[in-house]
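Subject: Structure handover

Hello,

Here is the structure I promised you. My notes follow below it.

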Amino acid sequence: MTTKDSTCIAWTDFQVNILPRNITTSKPSNNTGTKPGMTTPIPSPPGLPILGNATDIDPNFPLGSMLDFANKYGEIFQLNFAGRSVVFVTTQALIHELCDEKRFQKGVNAALKEVRNGVHDGLFTARIEEPNWGMAHRILMPAFGPMSIQGMFPEMHEIASQLALKWARHGSSTAIMVTDDFTRLTLDTLALCAMDFRFNSYYHDEMHPFITAMGDFLTESGARSRRPGFTAMFYRSANQKYWEDIGILRKTAEDVLKARKEHPTDRKDLLSAMLNGVDTKTGKKLSDSSIIDNLITFLIAGHETTSGLLSFAFYQLLAHPEAYRKAQQEVDEVCGTGAITIEHMKKLPYISAILRETLRLCPTIPIVGVEAKNDEVLGGKYHIPKGQPLALLLAKSHVDPTVYGETANEFIPERMLDENFDRLNKEFPDCWKPFGNGMRACIGRPFAWQEALLVMAMLLQNFNFLHDDPSYTLQYKQTLTTKPKDFYMRAVLRNGLTPTELEHRLAGGQDTSSITRKPTAGLASMTHSAKTSTEGKGKPMSIYYGSNTGTCEALAQRLAADASSHGFSAKVVDPMDAANQSLPKDQPVVIITASYEGQPPDNAALFCGWIESLKGNELENVSYAVFGCGHHDWAQTFHRIPKLVDNTVQARGGARICDMGLTDAAQGEMFTDFEQWEDETFWPAMEAKYGTTAQGADSGTYSPSLSVTFSTPRSSTLRQDVKEALVVATEELTAPGTAAPKTHIEIQLPSDVRYSAGDYLAVLPINPKETVNRAMRRFQLAWDAHITIEADRGTTLPTNIPVPVYDVLGAYVELAQPATKRSILALSEAAKDSATKESLQNIAGAAYTTEVSRKRVSILDLLEKFPSVALPFGSFLALLPPMRVRQYSISSSPLWNPNHVTLTYSLLEAPALSNPEQKHVGVATSYLASLTAGDKLNVSVRPSHTAFHLPLEAEKTPIICIAAGTGLAPFKGFIQERAAQIGAGRNLAPAILFFGCRGKADDLYRGEFDRWEKMGAVDVRRAYSREDAEEACGCKHVDDRLWHDRKDVLELWDRGAKVYVCGSREVGESVKKVVVRIGLESQKSSGKEPNEEKALKWFESIRNERYATDVFD
């Protein structure tokens, strides 16, 4: 609970208008020596007549708009709403000044003024001069003392136990709506501890009427504050509902008060304090009306913030597995497996640090508001008139790089451990302010902290957690406070614990840690787990995958489908994190995983962190096999995660079933390599170890695992990992007829999606129409044919509903993927004549690399080449991999438009190597090229590597960007952002852009870059490979220009510059060579003996620190 008897202003205060008190002029405060006439104007974005900046604010996520303004204008800016103004401050230094209660005080404006209709002068909404605030504050302070809060622990424990038992009984297959369940928790805890009232939220599907009325009341309060008074006549229904909701709130509180009066108790809770307490200053008691006001106030403000804190904390833990591991380890060491007690709460410093760091990065009330008592000069230069509303943008000041350095945006709980936390607050006062300020700070902070510690400890003690959607990126839901939006996770009881045993443990029963249990097999009942037709017949096995792009998941599903033909049944096909602390020991385990720049996939990080933390033979009796994917461009970390898993499991007692299989994504033969490992290594080893034999030989390799029925009804299905976006505009960037034409596309994002310069846009494409038509013709399908797919294994295809064949072929499968050896053999078995069989068998054998892999020959290509192959359509679909998303660097900045992104791409179109008479077109680029304004597409924003973002201290840190061709895309966003900041009056460190292209006709966005260069946002250095031009300085390639201008590069490097490289693999390598060469020359010029080995070691040491790359094939 964080009842904001504080400066915290409801979010709705800032959605459109803030109503300041009358602003008058008085003498400047004696706290500064600067006269108003000598002050610096406060920057402000241009606005519309009358409305001002109202239309610049995102009504669904105002905080996002405020942060965009902060990134653009810097430490201070002013917004105007219909003639009223609010000044926002964003740095620790300025916020420290505003926390001086001698100069600034809380103001009650806008939405808070409307909230007073329901709670009058309660602690949250009282004006500073109102006597009821002082009386309530003095009476209630003892009720929040240490002994009183500790006395509430048993009731806190009871409600937390209800939550834990709900999750345990629902099981690991249930997706938990995190914010909803934590809201129920904090509301029930507050009501029970504060007023001995039970909402019993976990025992009803519907929330108590008080909750619905409260939510609607707060929403309408915000809306009323934004509407001009004369419009009230148009909102009669809303006004009637508003006052009815207030009636429900007050009636509920009145009933609670009446019940307590009729049945007095010796409970020492908040309600008793309000009923019986006497104000030490006035000698008065609180009136019944004031008690009701404050009961409602506590319920409104007291549960939202703590539920948001807990939700954000679990998001951060799942995103940072090392912090998760340390937190769980601390709970295990302090609390063991017995009941958690009040004594444990003071022994959890790392959990406390997690909560502090969570509130730093995700303050649940990210703005607090004050007003000037007199005319002031802020920061020694900004004139602030008396009564001027000011907003402390904590969401920005909490990541001030002056305080937290270049890692300010990173989640690092260690910086919030007690000693360092105290040092930070002493060195940078008011750098951490999630609980408000001064005498109006959160009166319920001790209550909230104890509750949060208890819940974190109880849940980590008894459960392992994983994302329901590993690709989830943090989005915000904003009402009175902020919470994660659409954040779901799954909970798995630890160490084989059952719900009944958990209930016994929570009730303080016998320690069950010594009970021997059968190992669990992950989330065996998860809805996406494989269900094979031989389940219960073959020997059980578990398959776990680590996958960001879906490739390893597809391989896992393929292995599960093949299991039955070898005498096994894949009982589990789950993400690796599902096996965290519970790797099965009673059945073979297969792990299929990739590496991403040496890091585990999103859904494998917790598992990898767990096995790395093991010290003994904890994995004895685990029989396992590993298959790994990687890309050789990341030479230093190539296959790091598969090798880590393979070696660590063995070192901790596991027994390999067979040698690890590996594949290189750069070679484009992942599926072929996997099938070869399966057929030649894995299954023979499994059959030898477990005594099974291959089955199903009579049915043939191509035996369909998908049954299809054709029908006529029309229907469609949607993918879950992307959202619908809208094409706004497209533009050809190069002249018609230009080789490798470049295109610009502008896309409007879904309303709740945000991005940063340097991020990616993942696009779910559709196969080219001609390719789909080829498949339709090959199988002689009518254009409007529908199919109903029934699968006997896990599949990404829509099942059990009629779907247009055109949709399945266009949107769900990869038609152009090179055929694998196994799929070619399947075609061979379906061939009618011996000549065709022999040809296909030859292609699948010695000729595979030259005739299929290098020429990128697909199954469809082979079916057209060999028309006698009678492959059923269901078998054809079963042989195809699922459609995957393609990622493109975003070429815009949110400071240009937070709701729109642009992409810059080169259309891939060339004669097909498999058949020169046909064109080979890129699936995604051809799809993008087919779109026009008004078209819709499915996308998601994916964050880039932490290092590939602009420096936090833009005024101090120079940047050097190096790109060729469409590798320019992210740097267009970078420079666009810098131009917006300079246009807002900020003075930035220098930036140099090295850009290589064919010539002036291929010089992308030349007009924009010329304009930005005149502003001082960038200094562009060009290289033209096919054109002589003076501005290229005779340099043909971007690495030539980098070497040519190396003195300028070294000058910026010595000033702390960060270097960014984007382009093809060849560009990345050539730039690396020049950087090392510059380093060698620098060694020589400083009198040192040039040493290439040391230069290479130095280069690797700066990667992902001061040297960030984004390379592509």
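Which residues of α25 meet which residues of α26? From α25 they are Lys-821, Ile-824, Leu-825, Leu-827, Ser-828 and Glu-829. From α26 they are Lys-837, Leu-840, Gln-841, Ile-843 and Ala-844. Sorted by class, this contact has six nonpolar, two polar and three charged residues.

Before the rest, a caution: the model is predicted.

Back to that helix pair. Helix α25 covers residues 821–830, and helix α26 covers residues 834–844. They pack at an angle of about 170 degrees. Their axes lie 8 Å apart. Angles over 145 degrees count as roughly antiparallel, so α25 is roughly antiparallel to α26.

A second helix pair: α11 and α12

Helix α12 spans residues 321–335. It packs against α11 at about 110 degrees, and the two axes are 5 Å apart. That angle makes α11 roughly perpendicular to α12. On the α11 side, the contact takes in Leu-317, Leu-318 and Ala-319. On the α12 side, Pro-321, Ala-323, Tyr-324 and Ala-327 meet them. By class, the contact counts seven nonpolar residues, no polar ones and no charged ones.

The three-stranded sheet

This sheet is open, and its strand order is β4-β12-β9. The pairing is antiparallel. Why do β4 and β9 each have one side without a neighbour in the sheet? Both stand at the edges, β4 at 176–177 and β9 at 463–467, and each has a single partner strand, so one side of each is left free of a neighbour.

β9 pairs with β12 (residues 488–493) over five bridges, in the antiparallel sense. One residue pair to look at is Phe-465, whose bridge partner in β12 is Ala-491. Helix α11 (residues 288–319) packs on this sheet and touches β9 and β12. The direction of α11 makes about 80 degrees with that of β9. Helix α6 (residues 153–170) lies across β4, β9 and β12. Its run is at about 70 degrees to β9.

The five-stranded sheet

Another open sheet has five strands, in the order β32-β31-β30-β33-β34. Here the pairing is parallel. The edge strands are β32 (1019–1024) and β34 (1107–1112); each has a single partner, so one side of each has no neighbour in the sheet. From one strand to the next, the twist averages 10 degrees.

Strand β30 (residues 959–964) pairs with strand β33 (residues 1058–1064) in the parallel sense, over five bridges. Ile-962 has Val-1061 in β33 as its bridge partner. Helix α32 (residues 1006–1015) packs on this sheet, where it touches β31 (991–997) and β32. Its direction makes about 145 degrees with that of β32.

The second largest pocket

This pocket holds about 950 Å³ of space. Its lining has 44 residues. Which of them lie nearest the centre? They are Gly-215, Glu-304, Lys-477, Thr-479 and Lys-483. The elements that give two or more residues to the lining are α3 (110–119), α6, β4, α7 (178–195), α8 (209–226), α11, β10 (476–478) and β11 (482–484). The most comes from α8, with 12 residues. By class, the lining divides into 15 nonpolar, 17 polar and 12 charged residues. Note the link to the three-stranded sheet: β4 belongs to that sheet and also gives residues to this lining.

Cavities

How many cavities of 30 Å³ or more are there? The count is seven. The largest has a volume of about 70 Å³. Its lining includes Arg-558, Phe-671 and Glu-675. Gln-817, Pro-818, Ala-819, Thr-820 and Ser-823 are also in the lining, as are Ile-859, Leu-879, Leu-880 and Pro-881. By class, these lining residues are seven nonpolar, three polar and two charged. Ser-823 lines this cavity and falls within the residue range of α25.

Best wishes

Notes
Residues are numbered from 1 along each chain as its sequence is written. This is a predicted model: local features need pLDDT of at least 70, side-chain atom pairs count only at pLDDT 80 or more; totals for chains, interfaces and linings use all residues. Side-chain values use heavy atoms; hydrogens and water are left out. On a 1 Å grid over the protein atoms alone, a cavity is a set of points where a 1.4 Å probe fits but cannot get out, and a pocket is an open set with protein on both sides within 12 Å along at least five of seven lines; lining residues have an atom within 4 Å of a point. Grid points are joined across faces, edges and corners, and a volume is the space filled by probe spheres set on the points. Ala, Val, Leu, Ile, Met, Phe, Trp, Tyr, Cys and Pro count as nonpolar, Asp, Glu, Lys and Arg as charged, and the others, Gly among them, as polar. Two strands pair if DSSP finds at least two bridges between them. Helices (H or I, at least four residues) and strands (E, at least two) are DSSP runs, numbered from the N terminus. Contact means heavy atoms within 4.5 Å. Axes are lines fitted to C-alpha atoms, for helices over the stretch in contact, and angles run from 0 to 180 degrees between N-to-C directions. Angles under 35 degrees count as roughly parallel, over 145 as roughly antiparallel, 65 to 115 as roughly perpendicular and the rest as oblique.
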